Amino acid sequence: MMVDEKKNSVLIVDDERANIIALTSFLESDYEIYVSLDGAEAIEAAEEFLPDVILLDILMPEMDGYDTIAKLKSSDKTQHIPVIFITGLTTSENERKGLALGAADYIAKPFSADIVKLRVDNQIKIHEQMRLLIESEIAENNTRIQTDFLSRMSHEMLTPMNSIIGMSQLIDMTGDLSEAKRFNKEIKVESQRLLGQIHDLLDVSGKRVDAFKLAKLPFSFKSMFKIALKVVSPVSNKKKQTLDFEVVPLVPLNFVGDEERLAQVITNLLLNAIKFTPDHGEIKLCGYILEEDLETVTIQIDIIDNGIGIAKAEQEAIFHLFEQVDKTVTRVYGGAGLGLPVAKRIVELMDGKIWVESELGKGSKFSFTCKLKKG
């Protein structure tokens, strides 16, 4: 049994029933027809049915065609629907006003069946071609983004892996115990770095069994900080950076929550700060209470650096999966673009938010809040 193809749809908006009857008779054999008798009703119908074309009368009581198209074009749901004005007004001023508001075409009264069908059909074809073009560009862009990401990710994971292999070989070759200990220390640093990247990758791919599930266990704020410090200190020491911590004493020592995930957010933010801050630079972590009640505490953590900074236009993109700042920065500093999106997801699960304040050449301040139950 053959299935009928879905018809394209047309919304006719006119307060004169004779016009509606005429337009419907021209179009109903080829299109699904919706009808509205005024502008307010048309806006509701357009948002509900999302027609392929709207035929809109200009002279209507209360909300005329100009006001109606302005509302349609200001809505994310209906702004892309082509609107054809149907009108007896034929002056250039009326036409100019309609086109300025986003009208795609005009049909003058009295109506000709052939002209009506031709112009509706043309607008549907144009709209369909634009849709296909946009979908094609989006698909190509997504493919490019994912290809770039996979390239960055493989480089980021191979770098510590090569270091681990190289240091292991040097341990085998040296007879000096102190040298062997130094190489072993490097292996531990690079292993932690690689492990963090694997966890981030598994998180965003959803392959971790516990991906984005928060534990609810008692933990010490102090021990959580130690987890983060264990990872970042060797990296900042290598760059001879100053790493300062300032946690307000009133922050409770014990919480119930996910110690590992909270440490993961702080670690990701600190490693970013270390990476984009030059040798001998300064990084500061501050923690304090934002809100408190009998059972819960909302804390805020700020990570401040005097590194390269981030351009205003790129500050939102860095929290999106697979996105990074411009390629020049990526080539110089590396990174796969996973840390911040993962941190954002974890923070949001903790009823918090994350943001950045930054200026090129003057450093960055990454902040996040999270709500924790008192221990």
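Before anything else, let me fix one term: a residue is called buried when its relative accessible area is under 20%. What we have here is a predicted model, and I would like to start with one residue and work outwards.

That residue is Thr68, which is found in helix H3, and because its relative accessibility is 0%, Thr68 counts as buried. Which residues does Thr68 touch, if we leave out those up to four places away in sequence? They are Gly39, Ala42, Ile43, Leu56, Met60 and Met63. Three names in that list, Gly39, Ala42 and Ile43, come back when we look at helix H2, where they are among the buried residues, together with Ala45 and Ala46.

Let me stay with H2 for a moment. If you look down the axis of H2, its buried residues fall within an arc of 170°, so they line one face of the helix. What do those residues pack against? Their partners are the strands S1, S2 and S3, together with helix H3. On the face of H2 that is turned away from this buried side we find Glu44 and Glu48, which are exposed. The two ends of the helix also have something to show: at its start, a side-chain oxygen of Asp38 reaches to within 3.2 Å of the backbone nitrogen of Ala40, while just after H2 the residue Leu50 takes a positive phi of about 45°.

Now to the sheet on which these helices sit. Five strands form an open sheet with parallel pairing, and the order across it is S2-S1-S3-S4-S5. Strand S2, residues 32–36, and strand S5, residues 105–108, stand at the edges with a single partner strand each, and therefore one side of each is left without a neighbour in the sheet. From one strand to the next, the twist averages 20°. At the S5 edge, strand S4, residues 83–87, runs parallel to S5 and is joined to it by four bridges, and the bridge partner of Thr87 in S5 is Ala108.

How do the helices lie on this sheet? Helix H2, residues 39–49, lies across S1, S2 and S3, and runs at about 150° to S2. Helix H3, residues 65–74, packs on the sheet by touching S3 and S4, and its direction makes about 175° with that of S4.

Let me turn to another part of the chain, where the pairing is antiparallel. Strand S9, residues 282–292, is joined to strand S10, residues 296–305, by nine bridges, and the two run antiparallel. A hairpin of three residues leads from S9 to S10, and across this pair Ile283 stands opposite Asp305. Is strand S10 enclosed or open? Nine of its ten residues are buried, so S10 is largely enclosed by the rest of the structure. S10 also pairs with S12, again in the antiparallel sense, over ten bridges, and in that pairing Ile299 stands opposite Cys370.

Strand S12, residues 364–374, has a further antiparallel partner in S11, to which five bridges join it. Here Ser358 stands opposite Ser364, and in the hairpin of these two strands, which has five residues between them, Gly361 takes a positive phi near 80°. As a general point, side chains in a regular strand alternate between the two faces of the sheet. In S11, residues 354–358, the covered face carries Ile354, Val356 and Ser358, whereas Trp355 and Glu357 are on the uncovered one.

A word on cysteines, since Cys370 has just come up. Cys370 is buried, with a relative accessible area of 0%, and Cys286 is buried too, with 10%. How many disulfides does the structure hold? The number is zero.

Finally, let me step back to the whole chain, which has ten helices and twelve strands. Of its 375 residues, 41% count as buried. If we take the contacts between residues at least 6 apart in sequence, 68% of them join residues at least 24 apart. The contacts of Thr68, with which I began, include Gly39 and Leu56, and I would suggest keeping that residue in view when you turn the model yourselves.

Terms used:
Residues are numbered from 1 along each chain as its sequence is written. This is a predicted model: local features need pLDDT of at least 70, side-chain atom pairs count only at pLDDT 80 or more; totals for chains, interfaces and linings use all residues. Side-chain values use heavy atoms; hydrogens and water are left out. Two strands pair if DSSP finds at least two bridges between them. Axes are lines fitted to C-alpha atoms, for helices over the stretch in contact, and angles run from 0 to 180 degrees between N-to-C directions. Contact means heavy atoms within 4.5 Å. Buried means under 20% relative accessible area, exposed over 50%, partly exposed in between (1.4 Å probe, protein chains only). A disulfide is a pair of cysteine sulfur atoms within 2.5 Å. The arc is that of the directions from the helix axis to the C-beta atoms. A polar contact is a pair of N or O atoms within 3.5 Å; within protein, one must be able to donate a hydrogen and the other to accept it, and residues adjacent in sequence count only if both atoms are side-chain atoms.
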